[in-house]
Amino acid sequence: MRKDIDPAELGAGAFYKILNSVVVPRPIAWVSTRSAAGVDNLAPHSFFTVSCVDPPMVQFTSVGRKDSLRNCRETGEFVVCLATETLFEKINATATDFPAEVSEFAEVGLTAEPSLTVAPPRVAESPVALECRTEHVLELGDSTVVIGRVLHAAIDEDVFETDARGNTLPSPLKLRPLARLGRNEWSTLGEILEITRIPHRDWPGHYRG
């Protein structure tokens, strides 16, 4: 038996908690930005995904008006760093509501590494950094979707692995990404399942002439 929930009746705040608990796991964009005044900001955003392949674009959502959003608008640049299991506590700490004039890099004890194509720094301790230019800012109710074009990717050589088909790509086991769940819950990678897609020509019962 299912429980029926009307978002309008429940209210936005309460339904937000429901969404966070069922849209899981969510990858985390650890977003580095630099304000117009030159202050570096770093914050995790768990509404994050790839938004376009060609040209390559990624997006994250700012719920409310946060420093990351303001900086992306003012300077037009940001860096998405991979949130990893080994950096769990520091990632959570960068979600603290520090004043805009305070840099999370310094407060949390992270190393700001110069980026190659944009002004905001990378997190040196993170194995992946996607340097982005703000392309679109979309207002949706109380939230804002920021879409950025990936100008450059900086990935640690140690996380690459060549598979049986000869593809050399970052290994999820070596990346050890974190994900967000509901409440104050996070998750690690867990078991990896692998399966290939079935072409229609190979689908059981498909007419082969």
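R183 sits in the loop between β13 and β14 (186-187). Helices here are DSSP runs of H or I with at least four residues, strands are runs of E with at least two, and both are numbered from the N terminus. Phi of R183 is near 50°, a positive value in a residue other than glycine. R183 counts as exposed, at 66% relative accessibility. Buried means under 20% relative accessible area, exposed means over 50%, and partly exposed lies in between (1.4 Å probe, protein chains only).

This is a predicted model, in which local features need pLDDT of at least 70, side-chain atom pairs count only at pLDDT 80 or more, and totals for chains, interfaces and linings use all residues. Residues are numbered from 1 along each chain as its sequence is written, and side-chain values use heavy atoms, with hydrogens and water left out.

**Backbone features**

R176 is another residue other than glycine with a positive phi, near 50°. R176 lies in the loop between α6 (172-175) and β13 (179-180). Its relative accessible area is 37%, so R176 is partly exposed. Two glycines also take positive phi. G76 comes just after α3, with phi of about 75°. G38 belongs to the hairpin of β2 and β3, where its phi is near 95°. That hairpin has five residues between the strands.

Two peptide bonds are cis.

| Cis bond | Omega | Place of the proline |
|---|---|---|
| V24 to P25 | near -10° | loop between α2 (12-22) and β1 (26-27) |
| D54 to P55 | near 5° | loop between β4 (48-52) and β5 |

**The annotated domain**

The UniProt record, an unreviewed entry, carries the annotation "domain: Flavin reductase like" over residues 21-169. UniProt positions follow the numbering used here, feature names are shortened, and annotations may be inferred rather than shown by experiment. Over residues 21-169 the chain is 15% helix and 45% strand. The end C-alpha atoms of this stretch are 31 Å apart.

**Strand β2 and its partners**

Is β2 enclosed or open? Five of the six residues of β2 are buried, so the strand is largely enclosed by the rest of the structure. β2 pairs with β3 in the antiparallel sense, over six bridges. Two strands pair if DSSP finds at least two bridges between them. In this pairing S32 stands opposite L42 of β3. β2 also pairs with β6 in the antiparallel sense, here over four bridges. V31 stands opposite V80 of β6.

**Helix α3**

Helix α3 spans residues 67-75. Its buried residues are D67, S68, L69, N71 and C72. Which strands do they pack against? They pack against β2 (29-34), β3 (40-45), β5 (57-63), β6 (77-82), β9 (128-140) and β10 (143-155). Contact means heavy atoms within 4.5 Å.

**A nonpolar surface patch**

I5, L10, I18, L19, V22 and V23 form a nonpolar patch on the surface. Together they have about 470 Å² of accessible area. Areas come from the Shrake-Rupley method with a 1.4 Å probe; for residues, only the protein chains shown count as cover. Patches take residues with over 30% relative accessible area and no salt bridge, joining like charges within 9 Å and nonpolar side chains (Val, Leu, Ile, Met, Phe, Trp, Tyr) within 5 Å. A salt bridge is a side-chain nitrogen of Lys or Arg within 4 Å of a carboxyl oxygen of Asp or Glu. The largest share of the patch, three residues, comes from α2. L10 lies in helix α1 (residues 7-10). With a relative accessible area of 40%, L10 is partly exposed.
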